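Me: Please look at the structure shown below. I should like to ask on what grounds each term is applied to it.

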Amino acid sequence: MQIKSSNRFIDLYLFSIGFAIIFILIAFHMPTFRWLVLLPVFGIVLWLVVLKYRFPKSVSVTGNTMTIKYFQAFSTKYDSFPVSACQFKLDMYTRVIKDHKKKHYELVISMNKTERWKLTTLEGFHVEDFKALLRHIGIF
């Protein structure tokens with residue numbers, strides 16, 4: 001069983017870093033505007049904070065092993081752990097943006113009462129996928 005994310009933040013992440021590098025190169029060759037080089041430098045420092053964030057791409061269950069594929073710091077990584085040691089919690093919450101209410105879901109995966117992963121519909125997952133995954137595991 002595998003569910004995938006349709007997350008677009010990774011593309012935005014890479015585009016922003018590339019744009020900052022191009023901006024630095026162009027501004028550096030303009031002697032009167034060299035101070036503009038500092039703007040993307042501050043932006044890059046802010047992105048370094050984002051480098052610590054893990055963007056989940058997919059979740060798969062094979063036998064008793066759950067594997068989460070995620071993007072972090074310009075590379076794809078994997079996190080595997082036993083399903084039997086996990087606790088799962090599916091929650092719904094409502095976000096109001098400009099008088100529009102929209103329901104979002106989050107699946108929290110914990111081990112030893114410590115939150116290990118929080119997967120949300122904002123990250124490109126679908127609630128039907130969460131429910132199918134929990135049914136496959138035998139929880140929902």
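**Terms and the values behind them**

Reply: The largest nonpolar core has 19 residues, and Val59, Met66, Phe81, Phe88, Leu107, Ile109 and Leu119 touch the most other members. This is a predicted model, in which local features need pLDDT of at least 70 and side-chain atom pairs count only at pLDDT 80 or more, whereas totals for chains, interfaces and linings use all residues. Residues are numbered from 1 along each chain as its sequence is written, and side-chain values use heavy atoms, with hydrogens and water left out.

Me: What makes a set of residues a nonpolar core, and which elements supply this core?

Reply: The term denotes a set of buried Ala, Val, Leu, Ile, Met, Phe, Trp, Tyr and Cys residues joined through side-chain atoms within 4.5 Å. S2, S3, S5, S6, S7 and helix H3 (127-137) each supply at least two residues of this core. Helices (H or I, at least four residues) and strands (E, at least two) are DSSP runs, numbered from the N terminus.

Me: With which residues is Leu119 in contact, its neighbours within four places in sequence left aside?

Reply: Contact means heavy atoms within 4.5 Å. Leu119 is in contact with Pro56, Val59, Tyr105, Glu106, Leu107, Ile109, Phe125 and Phe130.

Me: Why is the pair Arg116 and Asp79 called a salt bridge?

Reply: The term requires a side-chain nitrogen of Lys or Arg within 4 Å of a carboxyl oxygen of Asp or Glu. The closest N and O atoms of Arg116 and Asp79 are 2.8 Å apart, so the pair is a salt bridge. Arg116 lies in strand S7 and Asp79 in strand S4 (residues 75-82), so the pair ties together parts that are 37 residues apart in sequence. The side chains of Asp91 and Lys89 also form a salt bridge, at 3.7 Å from N to O, and the count by this rule comes to two.

Me: Which of the words buried, exposed and partly exposed apply to Arg116, Asp79, Asp91 and Thr62?

Reply: Buried means under 20% relative accessible area, exposed over 50%, and partly exposed in between (1.4 Å probe, protein chains only). Asp79, at 12%, is therefore buried. Arg116, at 29%, is partly exposed, as is Asp91 at 26%. Thr62, found in strand S2 (residues 55-62), has 61% and therefore counts as exposed.

Me: How do you know that S5 and S6 pair?

Reply: Two strands pair if DSSP finds at least two bridges between them. Twelve bridges join S5 (residues 86-97) to S6 (residues 100-111), so these antiparallel strands pair. Met92 stands opposite Tyr105 in S6. The two strands form a hairpin with two residues between them, and Lys98 in the turn has a positive phi of about 50°. Six bridges join S6 to S7 (residues 114-120), again antiparallel, with Val108 opposite Lys118 in S7.

Me: Why are S1 and S4 said to stand at the edges?

Reply: An open sheet of four strands has the order S1-S2-S3-S4, with antiparallel pairing. Strand S1 (2-4) and S4 each have a single partner strand, so one side of each is left without a neighbour in the sheet.

Me: How confident is the predictor in the chain and its elements?

Reply: The chain averages a pLDDT (the predictor's confidence in each residue, from 0 to 100) of 83, and 86% of the residues score at least 70. Helix H2 (residues 38-50) has the lowest mean among the elements, 68, and S7 the highest, 93. Where pLDDT is low, the predicted coordinates should not be read in detail.
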